[in-house]
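Colleague: I would like to go through this model step by step. For each label, please tell me what stands behind it.

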Amino acid sequence: MDIGSVPSQDEDAAAATPREATLGRHLARRLAEVGARDVFAVPGDFNLTLLDELEAEQPSGGGVRLVGCCNELNAAYAADGYARARAGGVGACVVTFTVGALSAINAVAGAFSENLPVVCISGGPNSNDYGSNRILHHTIGLPDFSQELRCFQNVTCYQAVVNNLEDAHEQIDTAISTALKESKPVYISICCDLPSIPHPTFGHHPVPFFLSPRLSNQMSLEAAVEAAAAFLNKSVKPVLIGGAKMRVAKARKAFVELADACGYPFAVMPSAKGLVPEHHPRFIGTYWGIVSTPFCGEIVESADAYLFAGPMFNDHTSVGYSLLLNKEKAIIVQPDRVVIGNGPAFGCVLMKDFLRALATQLKKNTAACEIHSRIFVPEGEPRPSEPGEPLRVNVFFKHIQKMLSGNSAVIAETGDSWFNCQKLKLPEGCGYECQLQYGSIGWSVGATLGYAQASKDKRVISLIGDGSFQVTAQEVSTMLRWGQNNIIFLINNGGYTIEVKIHDGPYNVIKNWNYTSLVEAFHNGEGKCYTAKVRTEEELEEAIEASLGPHKDSLCFIEVIVHKDDTSKELLVWGARLFAANNRPPNPQ
């Protein structure tokens, strides 16, 4: 047939589009191609046909596996956890129009703040309803289908509304590639009547993604390295500090290579724990201002030069803006920009290129390492508990430390777990995740589901406070449904402890649940489940032994009952500083 001619009926039949070449199946293959082989979903009447098409494209054929969740918020949290475990891969969730999407938006905002490529797919109205002035259910009662889109514009880096088949292929590909390039969430709305319709643009074997690599400006890179080397080589006791944006910059290995080359000690900011190897001889701990791990803050704040790679400075990580740092001594390396002291600044410089090039220009300097080795005193273990003595938090975390291996991963929920988990020494290969920037309580339950679904080779150990668990508890049932063997430690101290330490009030007391019975109700005789309620060190030891031994293939839920006032001293100091910073009086007019 000539281009531009009208095909005959016979030609139409010969060129018929195969049943598999549908929008929904194309989307499934694209998600699988970028690593999202599990898609977390909640059905709704606007996404049912899309779910049929996704379900039809099974993982064995290059498609995806649907993981049904209890609610949309948890589905998006799971996509967040999945993306974290995939080390640069994508997490995905499917929800229904407005009523589902707006439930998921909080988790999508969290993924945006933490630079995670999450694809949030919403089943949209019928394409024939656009422009019809009709009012649809699941909306706020206005004939306006853009309300959901407008909400997502502030928490995603790209939005696609697919309401026709002609450009659907382009919109889907652009959205997914943008999520990968920007390492941020994207939003895709797909009209409910389109997913199962074949179209010629959806080949059964789509052309694979090819993302053009980002490159540094060579002249800017050379100038930045020259200036940084001159700055650091004249210093006496420089240090390196890794930040959370090393993940999005894919510069974790380059950071360690730099430390190996120059001999400087290196620390991490609290949100970057787990991004660098803690068994490295020059690793000195977490730099978190006044609540740093022992002997780390002294080394960083007494240095005459410090290089921060990918830092995120906010009121949480700066302990209420109280870090004792001097900007004139700092080199700040962001994913594509370098600032040295109060200037100069160099743009179009990729972090990993800069760190690797800088490693070749620095003189070996182990002065700060030697100072650290002189002042460092290994932290002793807490005293053993007396028989029947109520369990103390420091004793509890002593046993968590002993559980860790290269085959485990730690998920730390917002709250006191942030501070206690920073003291854990991660073995080589042990994963670690927290949500320090957004700090949404309940995040860890969905994130545990997603992380475990992506990392079948690791056993996930989650540390969750009772207040946080009450927000998203039901997703434990999905873990049971999918045969996950996570170990969840529910720390029951009777309330929102992190809020108590910031500012107490009766609103911080919550209704106590029988948490182990709740999980047994979720279990309902289906799958493998082990629960225990522990009040003493002896009971804790028995529960851990059971979870690592006869119940190693089960989901293990261990409720740890501790006193409401038994919290880390770091949380007390941090909470007081944060409250003071957030409640300082207005500046005079």
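Modeller: One cut-off comes up again and again: a residue is called buried if its relative accessible area is under 20%. Keep in mind that this is a predicted model.

Colleague: What makes β3 largely enclosed by the rest of the structure?

Modeller: Count its residues. Six of the six residues of β3 are buried, so the strand is largely enclosed. Both faces take part. G91, C93 and V95 point one way, A92, V94 and T96 point the other way, and all are buried.

Colleague: How do you know that β3 pairs with β1 and with β4?

Modeller: Pairing needs at least two bridges between the strands. Strand β1, residues 38-41, is joined to β3 by three bridges. Strand β4, residues 118-124, pairs with β3 over six bridges. Both counts meet the cut-off, so both are pairs. β1 and β3 run parallel, and β3 and β4 also pair in the parallel sense. For landmarks, A41 stands opposite V94 in β3, and A92 stands opposite V119 in β4.

Colleague: Why is G100 called buried?

Modeller: Its relative accessibility is 0%. Buried means under 20%, so G100 counts as buried. This glycine lies in the loop between β3 and α5.

Colleague: What does G100 contact, leaving aside its neighbours within four places in sequence?

Modeller: G100 is in contact with E72 and V95. There is also a C-alpha distance to look at. G100 and V42 are 58 residues apart along the chain, and their C-alpha atoms are separated by 8.0 Å.

Colleague: Why is α4 called roughly parallel to α5?

Modeller: The two helices pack at an angle of about 20 degrees. Angles under 35 degrees count as roughly parallel, so α4 gets that label against α5. Their axes are 6 Å apart. On the α4 side, the contact is made by E72, L73, A76, Y77 and D80. On the α5 side, the residues include S103, A107 and A111. α4 passes α5 in a right-handed crossing.

Colleague: Why is α2 called oblique to α3 instead?

Modeller: Their axes cross at roughly 55 degrees. Roughly parallel would need an angle under 35, and roughly perpendicular runs from 65 to 115. The angle fits neither range, so α2 is oblique to α3. The axes come within 8 Å. G24, R25, L27 and A28 of α2 make the contact with L50, E53, L54 and A56 of α3. This crossing is right-handed.

Colleague: What makes α2 mostly covered?

Modeller: In this helix, residues 23-33, 10 of 11 residues are buried. Among them are L23, H26, R29 and L31. After α2 comes G35, with a positive phi near 105 degrees.

Colleague: Which residues form the covered face of β5, and which form the uncovered one?

Modeller: A160 and V162 form the covered face. Q159 and V161 form the uncovered one. β5 pairs with β6 in the parallel sense over four bridges. V161 has S189 as its bridge partner in β6.

Colleague: Now the seven-stranded sheet. How do you know that β9 and β13 are its edge strands?

Modeller: Read the order first: β9-β8-β7-β10-β11-β12-β13, an open sheet with mixed pairing. β9 and β13 each pair on one side only, as edge strands do. Neighbouring strands here are turned by 15 degrees against each other on average, direction ignored. At the β13 end, β12 and β13 pair in the antiparallel sense over three bridges. There, R337 stands opposite G347.

Colleague: What packs on this sheet?

Modeller: Helix α10 does, touching β7, β8 and β10. The direction of α10 makes about 170 degrees with that of β7.

Colleague: Why is D466 called buried?

Modeller: D466 has 1% relative accessibility. The limit is 20%, so D466 counts as buried. This residue is found in helix α17. An unreviewed UniProt entry lists D466, N493 and G495 under "binding site". Such annotations may be inferred rather than shown by experiment.

Key. Residues are numbered from 1 along each chain as its sequence is written. This is a predicted model: local features need pLDDT of at least 70, side-chain atom pairs count only at pLDDT 80 or more; totals for chains, interfaces and linings use all residues. Side-chain values use heavy atoms; hydrogens and water are left out. Axes are lines fitted to C-alpha atoms, for helices over the stretch in contact, and angles run from 0 to 180 degrees between N-to-C directions. Contact means heavy atoms within 4.5 Å. Buried means under 20% relative accessible area, exposed over 50%, partly exposed in between (1.4 Å probe, protein chains only). Angles under 35 degrees count as roughly parallel, over 145 as roughly antiparallel, 65 to 115 as roughly perpendicular and the rest as oblique. A crossing is left-handed if the near helix is turned anticlockwise from the far one by less than a right angle, and right-handed if clockwise.
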